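Open the structure in your viewer and keep the selection tool at hand. This tour moves from one stop to the next, saying what to select and what can be found there.

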Amino acid sequence: MKKILLFIAAMATIAMSSCSDMLEVESDRFLQNPDINKKTDSLFYAFGIMQAMQQAADMYVLQNEMRGDILKPTQYANESLSALHNFSATAANKYDSAYVYYKVINNCNYYLAHRDTTLRDGAFDVTRQEYAAVLAFRAWAYLQAARQYGKVPFFTEPLEKISQINNNSFPVLGIADIVAQLTPLMEKYSGEQVPSFGFIECGSSNDGTTKSIASKYCFIPIDIMLGDMYLELGGSQDNYLKAAQYYYKYLYANQLVMVPYATKFQSWLFNASQVLPSNFAPMTFVSYDWNTNTVGTRTISLIPMSVNKMQGKTTALPELFGYDYYSTDKGDKNKYMEDKIQIVPTEQYKQLVDSSWYYYTKYPSDGLDTDRYRFKGGDQRYYSRLKNVERNDSVQVCIKAYEEGNIVLYRTSTVWLHLAEALNRAGYPDAAFAILKDGIKDDLITTETGYISDETKTLLTTTIPFLNEEGQTIWTDARGIHAYGCADAKGLAGTYSMYQFPLVVGEKMAELKEAFPELQFAVNDGSEDQILACKQDSINAVEDLLCDEYALELAFEGTRFSDLTRMARHKNETALHQGYPANFGGKWLAYKLRNNNPVVSLEQEANWYLPFK
């Protein structure tokens with residue numbers, strides 16, 4: 001804890017904004033120039049928090065991805081990566097340090113304790129957006145610490161003296177108590193947009209690469225963090241609905257729709273012998289590219305890193321994935337490493353991708369025939385995340401996630417998927433499925449969809465009013481997230497053929513039954529009527545569909561292990577439901593991570609956490 005003390009950002013006056021001079025700052029000077037109580041100088045303290053976020057970035061990604069099920073270490077991986085993967089990490093592991101999260105926390109505590117919130121520029125409150133953004137940073141850091149370490153020391157006063165640490169009586173809190181402590185103040189700032197003050201220049205490298213990031217992308221919207229806090233807390237319909245309402249509030253304020261864009265079908269990498277259906281005639285489309293426009297309408301929040309070590313904080317992630325981002329050679333091809341790639345996709349991830357059904361016609365008028373309207377074409381998003389690089393007469397497949405040296409925290413699809421998870425656990429699995437299938441749009445209540453209940457229609461027009469009179473004019477062009485990788489773009493308008501609630505949910509129930517023979521679903525015959533009627537079984541199955549969608553849509557972005565453990569805890573909440581074994585969430589997590597060859601039993605929640613240091 002002593003390490004936490006002496007990282008409170010303060011700066012001398014700076015003439016321009018850059019990753020080097022704004023974000024790469026550490027100081028034990030507190031109330032020196034610039035003055036935190038002046039109208040604008042407090043922004044420099046916010047930049048200090050961003051620099052602390054930079055220092056946490058690599059650890060955040062690696063703790064989540066190496067302990068998940070979609071990445072694995074290669075023979076060249078360092079021992080710390082391998083130990084994360086098989087859950088043998090000790091306190092000596094180079095990627096195990098709560099210190100990086102507490103750097104963020106203590107910087108935030110200092111700002112929040114000293115910032116004068118009464119300052120105004122005429123009628124404009126100059127502090128509210130900043131203050132809300134810092135509250136969100138602190139909540140993010142505490143949430144990551146609790147996810148990785150379980151119960152953690154909690155304090156909201158800034159630690160400025162050794163005596164505060166030596167004589168402390170900090171409570172050690174878990175997620176539930178942290179949410180209870182942080183959300184009351186955060187809720188007072190709900191609705192605030194993030195600050196925006198131009199661009200942050202992240203330097204120019206020797207190969208001529210320049211990089212600048214709009215400052216608004218460097219903050220986390222407070223309503224998203226409130227949604228995440230209540231989603232993580234779970235435990236009751238009320239908490240899940242609170243989470244959904246905060247996600248809605250953010251999406252509505254910014255009118256962020258999962259808009260239609262084309263999916264380009266390509267010959268499948270893992271299933272090259274696939275025989276295409278005779279009635280499948282894909283058109284030429286512009287491919288959905290995960291990595292295109294990383295900083296743009298699809299990105300909400302990220303941590304930018306400098307283009308070289310001389311100009312700011314850098315990241316080790318590109319090199320671990322086989323891409324020498326800091327090379328002086330021009331051209332991407334020259335930056336891909338021929339060997340010593342340390343992290344690659346797992347076979348489990350490839351199997352999920354390869355086994356995904358591809359839907360290629362509108363809803364058929366002559367009945368549902370699985371042999372004619374879908375085939376195992378795989379999820380096309382895989383191609384946007386990997387790159388084939390020719391090396392020594394062979395093709396090397398490299399992950400592109402960190403080509404731009406940014407760590408993405410939230411995208412539009414992240415918020416929509418979190419919303420779906422919250423709605424599902426709140427008791428509306430059909431609404432969650434709609435986000436995958438159609439998108440939340442006016443068609444759900446203006447036409448007969450077949451799977452949307454009257455209860456859900458009421459929810460979407462009142463409590464979470466996406467589809468009230470005003471909402472129907474906003475969400476008209478929405479598209480289901482699953483279609484981005486698994487549907488032909490030939491004018492499907494979201495109702496792509498075989499991706500139907502009873503069929504898809506029923507198939508997921510069958511998968512779960514095969515993995516867990518002890519499950520006794522209320523649904524016995526798999527009929528549409530039973531699937532629609534048995535809500536608890538549908539919730540469990542839709543949650544697994546969302547788990548798959550997280551892997552397909554958010555692959556390699558640093559969220560996987562936290563997503564898995566959150567769902568496991570929520571499954572344990574309903575373990576007493578008829579037909580589910582005790583500790584079903586623990587059994588489910590252990591099954592998901594079985595190929596990591598863990599050295600401890602992941603059925604026990606105590607083994608999910610890293611040693612706190």
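Before the first stop, one term is needed: a residue is called buried when its relative accessible area is under 20%. Please also keep in mind that this is a predicted model.

**Stop one: a charged pair inside helix H25**

Select arginine 566 and aspartate 563, which form a salt bridge whose closest N and O atoms are 3.0 Å apart. Because these two residues are three residues apart in helix H25, about one helical turn separates arginine 566 from aspartate 563. Are they buried or exposed? Both arginine 566 and aspartate 563 are buried. Now add Arg147, Glu232, Glu421 and Arg569 to the selection, since salt bridges with shared partners join these residues, together with Asp563 and Arg566, into one network.

**Stop two: a link across the chain**

Keep arginine 566 selected and look at glutamate 232, whose side chain meets that of arginine 566 in a salt bridge of 3.7 Å, N to O. This pair links distant parts of the chain, with glutamate 232 in helix H9 (residues 222-233) and arginine 566 in helix H25 (residues 560-573), 334 residues apart. Glutamate 232 has a relative accessibility of 2% and therefore counts as buried, and arginine 566 is buried with a relative accessible area of 1%.

Next, select glutamate 557 and arginine 411, which form another salt bridge, the closest N and O atoms lying 2.8 Å apart. Here, too, distant parts of the chain are linked: glutamate 557 is in the loop between helix H24 (535-553) and H25, while arginine 411 is in strand E14 (residues 406-411), 146 residues away. Glutamate 557 is buried, with a relative accessible area of 5%, and arginine 411 is buried at 5% as well. A search of the whole structure finds 23 salt bridges.

**Stop three: the cavities**

Turn now from charged pairs to empty space. The structure holds five cavities of 30 Å³ or more, and the largest has a volume of about 100 Å³. To find this largest cavity, select Tyr60, Arg147, Asp228, His418 and Thr559, which lie nearest its centre among the 14 residues of its lining. The elements that give two or more residues to this lining are helix H6 (128-149), E14, helix H16 (412-425) and H25. By class, the lining of the largest cavity consists of five nonpolar, five polar and four charged residues.

The second largest cavity contains about 60 Å³ of space. Select Met50, Met53, Cys218, Leu302 and Ile303, which are the closest to its centre of the 13 residues that line it. Helix H3 (42-65) and strand E8 (299-304) are the elements that give two or more residues to this lining, and E8 supplies the largest share, four residues. Which classes of residue line the second largest cavity? Its lining has eleven nonpolar and two polar residues, and no charged ones.

**Stop four: the buried face of helix H19**

Finally, select helix H19 (residues 454-461), whose buried residues are Thr456, Lys457, Leu459 and Leu460. When you look down the axis of H19, these buried residues fall within an arc of 160°, so they line one face of the helix. To see what covers the buried residues of H19, show the neighbouring elements, which include helix H10 (237-254), H16, helix H17 (429-437) and helix H18 (443-446).

Conventions
Residues are numbered from 1 along each chain as its sequence is written. This is a predicted model: local features need pLDDT of at least 70, side-chain atom pairs count only at pLDDT 80 or more; totals for chains, interfaces and linings use all residues. Side-chain values use heavy atoms; hydrogens and water are left out. A salt bridge is a side-chain nitrogen of Lys or Arg within 4 Å of a carboxyl oxygen of Asp or Glu. Buried means under 20% relative accessible area, exposed over 50%, partly exposed in between (1.4 Å probe, protein chains only). On a 1 Å grid over the protein atoms alone, a cavity is a set of points where a 1.4 Å probe fits but cannot get out, and a pocket is an open set with protein on both sides within 12 Å along at least five of seven lines; lining residues have an atom within 4 Å of a point. Grid points are joined across faces, edges and corners, and a volume is the space filled by probe spheres set on the points. Ala, Val, Leu, Ile, Met, Phe, Trp, Tyr, Cys and Pro count as nonpolar, Asp, Glu, Lys and Arg as charged, and the others, Gly among them, as polar. The arc is that of the directions from the helix axis to the C-beta atoms. Contact means heavy atoms within 4.5 Å.
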